[in-house]
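I open this notebook to keep track of what I look up, going from the sheet to the domains, the ligand and one helix.

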Amino acid sequence: MGRTHSNAYLRLNNFFPVEHRAVLKAICDSDAAKANKFVEVWGYERAETDWQKLVEAPDIDLIDICVPNVAHRDIAVAAARNGKMVMCEKPLAMSVAEAQEMVAAVEKAGVPNMVSFNYRRVPAVALARQLVEEGRIGRPFHYRATYLQDWTISPDVPQGGDALWRLDLRVAGSGVTGDLLAHSIDTAMWLNGAITRVVAKTETFIKERMHQLSGKLEAVGIDDACMFLAEFANGSMGTFESTRYARGRKNYNSFELNGADGSLYFDLEEPEYLQFFEYQQLQSGKKTESHLTGWRKIHTTNAEHPYMKHYWVPGATIGYEHTFLNALADFVAGIESGKPAQPDFRNALETQKVCDAVLESARAGRWVETGVEL
Ligand SMILES: NC(=O)c1ccc[n+]([C@@H]2O[C@H](COP(=O)([O-])OP(=O)(O)OC[C@H]3O[C@@H](n4cnc5c(N)ncnc54)[C@H](O)[C@@H]3O)[C@@H](O)[C@H]2O)c1
């Protein structure tokens, strides 16, 4: 993520008319070789290996947290105490308790803050939100989300350490729930409002894996797969499914929303498209042309589509990296306008509440109230 964020800081003023300019002061990585490489490739002024130095540095205004989940809380709280703006990768924290500490720290310090739920910034997903706001879906009945990958199927994949910390419960906090479903939950609540209660089932298919750091076979504590049912405050029902065992699926992040007046469908494997079904009521004196009804596949590359006027001509697509650029542009514009961009820490805390409720439900085998306040 250090690369996607660095790219966004470098490109910000090339594409967005914000007043402020990012200056890449320092990159911190506990691995000095990686930090030095970043200085060389991305043009940072200096490298650090101790984040404490970074959060105290007087020449730094913003700390951007792109390290494994276990370190988010300490860095964010220290950064806020030092009066720095804080950008944090998702999931915000390892637990609701940690997330609450982080919210308290940024709010006490009064520093701008944001969490990198970047999929909100895919133009097609932002268009979905616009269509919901325009009332085109009508009363919502169903929300269906899937987030599927396939990279941990082999029992020979180790856990822990460099690149594989996601399989180590102590560093990741959870498996697919915090890593993948956090994205799905953030998008779902952005489009369809609060999730009030959940019932979940998780599975750990491979029970033991070699730990890269200890060199020993150790029990696997993360959820390899998770499915849950949800109730939304607006009365609609949700189903969510995530796994890293869906052979052939690399980053299949999809959702469908079905309402009385229309439906929406999005799939990150075809990110420039939003699919929309519009149910047209019989107008008085007008015939419905039912032989023409069907799903519309909207290629979201017109200047009228969210973010696209900042890029190319209609038909020319943007990519994954632009979601981080769009997010940064919103963050900076939010500071300049005084209307903070979302999701900030407080908003991301609500997603954390759903993640914790899902894991608790899977352990207890019963419905759990989320306590979400939106
Ligand atoms: N928004 C998204 O779509 C998205 C995608 C991938 C990852 N993420 C999130 O970004 C974060 C980082 O994930 P990643 O895939 O970039 O991980 P990564 O393992 O590729 O990179 C993490 C880097 O942090 C360094 N590091 C670890 N602990 C450190 C510490 N205490 N101090 C300084 N450096 C430290 C590591 O050496 C490594 O270079 C995670 O929270 C993850 O959930 C978000």
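Before reading the sheet I fix one term: two strands count as paired if DSSP finds at least two bridges between them. I also keep in mind that I am working with a predicted model.

**Entry 1, the sheet.** I looked up the strand order and found nine strands in an open sheet, running β15-β14-β13-β12-β6-β11-β10-β7-β16, with mixed pairing. At the edges stand β15 (296-299) and β16 (368-369), and since each has a single partner strand, one side of each is left without a neighbour in the sheet. I then followed β16 to its partner, β7 (residues 195-203), and noted that the two run antiparallel and are joined by two bridges. One residue pair I could name here is Val-198, whose bridge partner in β16 is Val-368.

**Entry 2, a helix on the sheet.** Next to this I noted helix α8 (residues 176-192), which packs on the sheet and touches β6 (140-148), β7, β10 (225-232), β11 (237-243) and β12 (252-259). The direction of α8 makes about 155° with that of β6.

**Entry 3, the domains.** I took the bounds from the domain assignment, which gives domain 1 as 2-117 and domain 2 as 119-323 + 339-369. Their C-alpha centres lie 25 Å apart, and the contact takes 24 residues from domain 1 and 26 residues from domain 2. On the side of domain 1 that touches domain 2, I found that α1 (2-15), α5 (96-109) and β5 (113-115) each supply at least two residues, with the largest share, six residues, coming from α5. By class, the residues of that side divide into 17 nonpolar, six polar and one charged.

**Entry 4, the ligand.** Which residues are closest to the ligand? I found 19 residues surrounding the ligand, and the closest are Met-1, Ser-30, Asp-31, Val-67 and Glu-89. The shell has nine nonpolar, four polar and six charged residues. Domain 1 and domain 2 both give residues to this shell, so the ligand lies between them.

**Entry 5, helix α4.** I turned last to helix α4 (residues 72-81), which is mostly covered, with seven of its 10 residues buried. The buried residues are His-72, Arg-73, Ile-75, Ala-76, Val-77, Ala-79 and Ala-80, and what covers them includes α3 (51-56), β3 (62-65), β4 (85-88) and α5. Just after α4, I noted that Gly-83 takes a positive phi of about 75°.

Conventions: Residues numbered from 1 in each chain as written. Predicted model: local features only at pLDDT ≥ 70, side-chain atom pairs only at ≥ 80, totals over all residues. Helix = DSSP H or I, 4+ residues; strand = E, 2+ residues; numbered from the N terminus. Contact = placed C-beta atoms within 7 Å. Axes fitted to C-alpha atoms, helices over the stretch in contact; angles between N-to-C directions. Domains from an automatic or database assignment. Nonpolar A, V, L, I, M, F, W, Y, C, P; charged D, E, K, R; others polar. Near = placed C-beta within 6 Å. Buried ≥ 20, exposed ≤ 12 C-beta atoms within 10 Å, placed from the backbone.
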